[in-house]
Amino acid sequence: MSAAGPGVGGWTRARFVLGAFLAFMLVAPLVLPEFHVTLLNYIGLYSIVALGLVLLTGVGGLTSFGQAAFVGLGAYTTAYLTTAHGLSPWLTLLIGLALTFAMSLFLGFISLRLSGHYLPLGTIAWGISLYFLFGNMEFLGGYTGISSLPAIDLFGLALDSGRKFHYLIWTVALLALLSIHNLLDSRSGRAIRALKGGGLMAESFGVDTAQMKIVIFIYAALLASLSGWLYAHLLRFVNPTPFSINAGIEYLFMAVVGGAASVWGAVIGAGILTILKQWLQDLLPKLLGQSGNFEMIVFGVLLVLLLQRARDGIMPLAVRYFPGPNKPFSIVSQALPQRARPASGETVLEVKAARKAFGGLVAVNDLSFSMHSGEILGLIGPNGAGKSTVFNLVTGVFPPTGGEVYFRGERIDALSARAIVTRGVARTFQQVHLLPTMSVLENVAMGAHLRGTKGVVSAALHLERSEEAKLLTEASHQLERVGLGTCIHEQAGSLPLGQQRILEIARALCADPVLLLLDEPAAGLRYQEKRALAELLRRLKSEGMSILLVEHDMDFVMKLVDRLVVMDFGEKLAQGLPQEIQTHPAVLEAYLGGVK
Amino acid sequence: MNAEIALFLIQDGLTNGAIYALLALALVLVFAVTRVIFIPQGEFVTYGALTLASLQLGKLPGTAWLLLGAGLAVAVVDLVQALRQGAAQRIPAIVFKYIMIPAALLWLAWWSAPQKPALTLQILLALALVVPLGPMTYRLAYQPLANASVLVLLIISVAVHFAMTGLGLVFFGAEGSRTPPFSDAQWKLWVLNISGQSLWVIGASLALIVALFLFFERTLYGKALRATAINRVGARLVGVSPVMAGKLSFTLAALIGALSGILIAPITTIYYDSGFLVGLKGFVGAIIGGLVSYPLAAAGALLVGMLEAYASFWASAYKEVIVFTLIVPVLVWRSLTTHHIEEEEE
């Protein structure tokens with residue numbers, strides 16, 4: 001499969017703009033006046049920081065106001081070590097990055113386990129502390145700063161002017177941009193994109209969301225530190241002012257203005273804010289007849305309006321005009337390894353007196369049942385009977401209050417959702433948990449997360465392409481299997497609800513499960529689609545899959561399942577073959593309110 | 001350090017801590033009711049202090065113009081909304097509340113400022129000029145996004161802080177101000193000199209805390225705010241308007257902020273951007289209380305005040321660093337004791 005379809009015209013346009021941009025950057029230092037080159041250099045430096053924030057805030061849904069402090073950490077490390085100890089700037093770059101790594105790991109570790117607003121609050125405190133620390137340390141020159149930094153020596157060429165430095169800054173900025181672009185288009189990237197709004201789903205397919213959050217926080221901090229190192233050697237002078245909390249806030253503004261729809265948002269946001277700031281700093285003091293940072297007012301009001309009117313920044317507009325190609329991927333013949341299937345008739349799941357109480361409400365009351373391999377077990381009951389809670393207990397979304405759950409003989413009730421999916425239990429959700437702006441294919445590939453091993457670094461360098469091809473191939477196979485093979489490139493959110501549920505089945509199948517838990521898969525499907533779904537589930541059963549099914553469509557359930565468990569008010573009302581259940585007096589009572 | 005210095009630092013710490021405690025309470029209140037992390041709280045401190053300082057110099061404070069400007073902006077937004085909803089009968093109330101009252105206050109300030117009225121009147125006028133900016137800020141910046149995630153509201157808060165700091169610079173200039181103390185009294189208690197101003201600060205803070213307590217326990221509006229804090233949807237279902245709750249909590253926060261500024265203006269020089277750090281110190285206190293517990297937030301704020309007082313004695317250059325680094329052990333402690341619950345926002 002290759003790029004084709006309506007995206008092509010926009011893609012050509014996008015490539016043309018990219019080419020023009022690169023040509024401009026190449027020629028700019030040779031022809032533009034000094035002032036404009038300086039402005040471009042600053043835009044490049046800010047872009048590098050804003051790129052980290054696009055990843056952290058735009059994509060990952062986390063926020064830091066302390067990025068300026070990481071810039072400062074990079075800048076001061078090299079300023080001090082190159083001037084006081086005469087170290088090579090290349091060595092101090094590594095030392096600065098190492099310091100930043102340690103610091104961001106520590107900050108991330110203590111604040112990311114708490115709810116979302118502790119990270120930004122923590123970074124505000126950290127940004128202020130570091131600013132005052134820079135200003136008060138004797139050996140760092142206090143508020144006067146450190147001057148006479150050495151120029152960077154690149155293969156014998158001293159980068160001692162802004163024009164020469166331009167190339168280094170923009171090479172770094174474009175490489176950073178490429179690395180994040182690559183990262184987002186990968187197994188780890190899908191996990192990162194799931195952090196905002198899809199945390200529960202991601203955990204259910206084995207993503208360590210806490211670790212992912214720390215990883216992107218560190219990534220953003222390292223980019224900031226790198227920008228600081230460049231800044232220090234561009235100006236060859238540092239003082240605390242550019243690393244204050246206000247600068248940290250401006251970096252965040254850049255990322256928000258640009259938006260997360262594309263990595264180019266960072267460059268555009270940095271560009272707009274830098275030029276706007278320059279212009280306002282000329283204009284406003286004249287207008288008001290006094291000097292000061294009045295652009296703060298405009299920035300503040302602008303940001304409020306932007307968040308009220310266009311929360312995704314200005315990039316979505318640009319993306320509409322330059323749609324990228326459908327991401328090409330090639331079907332590879334090598335398949336992912338599969339888990340050993342249980343022997344026919346082996347007991348797969350055993351629930352013993354499981355109990356879940358939410359405060360005084362007992363949602364599941366000492367429920368016991370078991371299922372063996374290749375069996376379809378229906379779990380039915382009126383609304384509020386506790387069926388979805390049973391799913392959550394089996395898949396480890398929350399631990400049971402009492403009782404035991406065994407999967408293939410191993411006790412799993414104390415395990416996390418991640419540990420349970422590793423063992424071969426996959427699920428769909430009653431309310432669909434999709435990432436609506438990601439393609440159908442990428443959503444399904446989330447299910448195969450645990451079948452890949454390559455991490456963030458190889459993703460950023462795109463060294464994991466063969467594994468990625470296998471994952472996408474698997475995802476497309478599963479989509480073909482469930483009958484969604486024709487819409488793999490569509491946005492998942494654009495599918496009708498019924499098909500979104502089918503997509504969730506494909507995603508669960510990608511996890512190579514032994515036990516599949518389906519929560520109302522037929523809801524919202526038309527008659528033909530229901531028949532196709534029943535056909536699919538029978539085929540899975542014949543391959544030895546065990547399926548636990550919650551469904552309200554009795555016609556669908558009765559024709560499909562081997563056995564039924566009926567729940568009411570958290571308790572097991574009855575269990576047995578479909579025909580037994582249909583005539584069971586207690587079940588009729590619960591469903592029909594008693595037959596007189 | 002001898003006993004005299006130690007006692008003096010305690011007095012200093014208690015005075016600052018009382019202010020931080022007030023701010024911390026306001027921050028917890030706003031967060032509980034609206035989920036807004038109210039970073040601009042500090043600007044209300046600044047505005048309160050500098051408005052009073054202008055009045056004491058017999059000058060018209062810039063906040064009077066700001067109030068009229070904000071009032072006009074709110075009036076425009078509300079009028080557009082009223083016309084869109086075909087509710088023309090609301091127009092007179094909007095014009096009266098958001099244009100005529102601010103204009104009247106502007107006139108009152110312009111007329112009375114040169115006459116230098118009594119301190120109490122000056123304080124009342126300063127509060128009347130600054131406090132309405134609280135609910136107006138809510139209307140303009142937060143109300144259209146009331147259902148957004150905590151994170152978006154936080155970014156809005158930082159943007160509002162930015163704009164208000166810049167406006168502070170426009171209206172008050174870069175020069176700092178310090179107002180004369182409310183009382184010049186000094187008492188000698190053993191080795192300790194107790195200043196009248198410290199007693200004012202601590203006394204006023206205690207009085208305000210008691211008043212807030214009575215407000216929340218005894219009045220219908222106080223109970224409505226508590227209900228909103230506990231369960232937003234539930235409160236709405238029994239008829240508590242979220243807009244009313246938002247505006248009321250912002251009014252209280254602005255009142256507490258402006259009053260704090262008026263109380264500390266005689267103790268320390270206030271610049272247009274001083275409030276930010278003062279407000280954040282209240283935040284450190286509020287975070288100690290997990291942004292939910294009032295008593296813990298107040299205790300945390302007192303701890304911040306004490307720490308600051310002793311830090312300025314032992315290592316004055318690193319005072320701010322020490323105070324803000326306090327957040328690190330607090331976060332460590334909270335992250336070890338809080339059972340993490342996955343939040344699904346947006």
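**Figure 1. Strands β7 and β12 of chain A run parallel in this predicted model.** Four bridges join β7(A) (residues 376–380) to β12(A); helices (H or I, at least four residues) and strands (E, at least two) are DSSP runs, numbered from the N terminus. Two strands count as paired if DSSP finds at least two bridges between them. A:Gly378 has A:Leu549 as its bridge partner in β12(A). Strand β11 (residues 515–519) of chain A also pairs with β12(A) in the parallel sense, over five bridges. Here A:Leu516 stands opposite A:Ile547.

Residues are numbered from 1 along each chain as its sequence is written, while chains are lettered from A and ligands numbered from 1 in the order in which they are written. The model is predicted: local features need pLDDT of at least 70, side-chain atom pairs count only at pLDDT 80 or more, and totals for chains, interfaces and linings use all residues.

**Figure 2. Both faces of β12(A) are covered.** Five of the five residues of β12(A) (546–550) are buried. A residue is buried if 20 or more other C-beta atoms, placed from the backbone, lie within 10 Å of its own; 12 or fewer make it exposed, and values in between partly exposed. In a regular strand the side chains alternate between the two faces of the sheet. A:Ser546, A:Leu548 and A:Val550 lie on one side of β12(A), A:Ile547 and A:Leu549 on the other.

**Figure 3. Six strands of chain A form an open sheet with mixed pairing.** The order is β10-β11-β12-β7-β13-β14. β10 (425–427) and β14 (571–576) of chain A stand at the edges with a single partner strand each, so one side of each has no neighbour in the sheet. Neighbouring strands are turned by 20 degrees against each other on average, direction ignored; axes are lines fitted to C-alpha atoms. β13 (residues 563–568) of chain A and β14(A) pair in the antiparallel sense over five bridges. A:Val565 has A:Gln575 as its bridge partner in β14(A).

**Figure 4. β5 and β6 of chain A form a hairpin.** β5(A) (residues 347–358) and β6(A) (residues 361–372) are antiparallel, with eight bridges. A:Leu349 is matched with its bridge partner A:Met371 in β6(A). Two residues lie between the strands, and A:Gly359 in the turn has a positive phi of about 60 degrees.

**Figure 5. Helix α9 of chain A is mostly covered.** Of its 27 residues, 24 are buried. α9(A) spans residues 209–235, and its end C-alpha atoms are 39 Å apart. That agrees with the expected 39 Å, which is 1.5 Å times one less than the number of residues. Just after α9(A), A:Arg236 takes a positive phi of about 60 degrees.

**Figure 6. A:Arg187 is buried.** The residue is found in helix α7 (residues 187–194) of chain A. A:Arg187 has 25 other C-beta atoms within 10 Å. Leaving aside neighbours within four places in sequence, its contacts (C-beta atoms within 7 Å) are A:His449, A:Gly452, A:Lys454, A:Ala459, A:Glu468 and A:Leu471. A:Gln575 is 388 residues from A:Arg187 in sequence and 42 Å away in space, C-alpha to C-alpha.

**Figure 7. Confidence varies along chain A.** The average pLDDT, the predictor's confidence in each residue from 0 to 100, is 88 for chain A, and 95% of the residues score at least 70. Helix α13 (residues 315–321) of chain A is lowest at a mean of 71, and helix α3 (residues 67–84) of chain A is highest at 96.

Definitions and conventions. Axes are lines fitted to C-alpha atoms, for helices over the stretch in contact, and angles run from 0 to 180 degrees between N-to-C directions. Two residues are in contact if their C-beta atoms, placed from the backbone, lie within 7 Å.
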